[in-house]
Amino acid sequence: MITKIIGVGNYIPSETITNLFFDQHVFLNEQGVLLKENNASITEKLKKITGIEERRYAQNTQVTSDLGLIAAKAAIDNAGIDPETLDYIIFAHNFGDVRFGTVQSDMVPSLAARVKYLLGIRNNFCVAYDVLFGCPGWIEGVIQANAFIKSGIAKRCLVVGAETLSRVVDIHDRDSMIYADGAGAAVLEVSNDDGAGIKSHLSASYTFTEKDYLYFGKSYNNERCPDTRYIKMDGRKIYEFALLNVPDAMKKCLDNSGYSIEQLNKIIIHQANEKMDEAIVNRFYQLYNTPVPENIMPMVIHKLGNSSVATIPSLLAMILKGELEHHEINKGDIALFASVGAGMNINAFVYQF
């Protein structure tokens, strides 16, 4: 038995936020001191390092589960299945439903339960639960679905990744500019075909010294909501951690699949930082003493920003729907999926289409 993706869907929010949006922001450092650079220089540096020119924010009336529902419906429609036949709904996120104008997280009931209800599923044995695993959450959901399917516990699973990071950012922290909102989903099914499907996977959690590289912390404006916490990160440590550990994990996963580096057609990596992702892929190919092929790594971060768990499933849906210029996936192609994020967590899987 093998686990196969039979349908994909995504939701790209309608609110386009360009770098000009931050022109009037007051950016401070950790000590609450005004940054010396003007905002034009700060946003230009952001674009140079991360590649981000724009990002998408959810409408004020939407929450994370709303975005996930739209992506889930699209994946179910794309798969052409009856949602009542789903055995599991796995919803990857990190902060729950955070309504516009607040920073309070709402996770009870689970977002998966909310999506199941809104899909109108009456099957009580369709199990709905959430995964909190940082940005690698959607891949981890896929790995769990694969385990359920290969063990015979399930035959069909829906894995959703959605986030509204715009609701949990400190507007005085320049790192807030990288974050975005979005959703992606996939339906996975048991298959007896030896061809298409998940060929290998890998997961790891580095927590001994790395667990606080991403965390919740106070606003850099010391007078603003002193008891409120926002998403914070140590960008330099994350960058160094990713370059040191992600290429090795990708190599181990590819080697376990039985495919060679020459057979790899696409690397679908978490859209966290364009320069970081390019460096990761370069180091990955260096491990094989092989040059990086052209168009091996599709990137959409320049227009969509970093939407955490949503970046990979949303990007996959765009490619399979023919919405990304210079990138396509054909039958028989081999793709390596990889992500890194809060935890610090790393995961990957190899898939043959």
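User: Which residue stands opposite Phe91 in β6?

Analyst: This is a predicted model: local features need pLDDT of at least 70, side-chain atom pairs count only at pLDDT 80 or more, and totals for chains, interfaces and linings use all residues. Numbering starts from 1 along each chain as its sequence is written, and side-chain values use heavy atoms, leaving out hydrogens and water. Helices (H or I, at least four residues) and strands (E, at least two) are DSSP runs numbered from the N terminus. Opposite Phe91 in β6 stands Val160.

User: In which sense do β4 and β6 pair, parallel or antiparallel?

Analyst: Two strands pair if DSSP finds at least two bridges between them. β4 (residues 88-92) and β6 (residues 156-164) have five bridges. Their sense is parallel.

User: Which strands are the edge strands of the open sheet?

Analyst: Its five strands run in the order β1-β7-β6-β4-β5. An edge strand here pairs on one side only. The edges are β1 (2-11) and β5 (127-131).

User: Which element gives the most residues to the largest nonpolar core?

Analyst: A nonpolar core joins buried Ala, Val, Leu, Ile, Met, Phe, Trp, Tyr and Cys residues through side-chain atoms within 4.5 Å. Buried means under 20% relative accessible area, with a 1.4 Å probe and protein chains only. The largest core has 55 residues. Nine of them come from α5.

User: Which two residues have the most contacts inside this core?

Analyst: Contact means heavy atoms within 4.5 Å. Beyond four places in sequence, Ile267 touches residues including Met250, Val281 and Leu336. The two with the most contacts inside the core are Ile267 and Phe284.

Key. Buried < 20%, exposed > 50% of the residue type's maximum accessible area, 1.4 Å probe, protein only.
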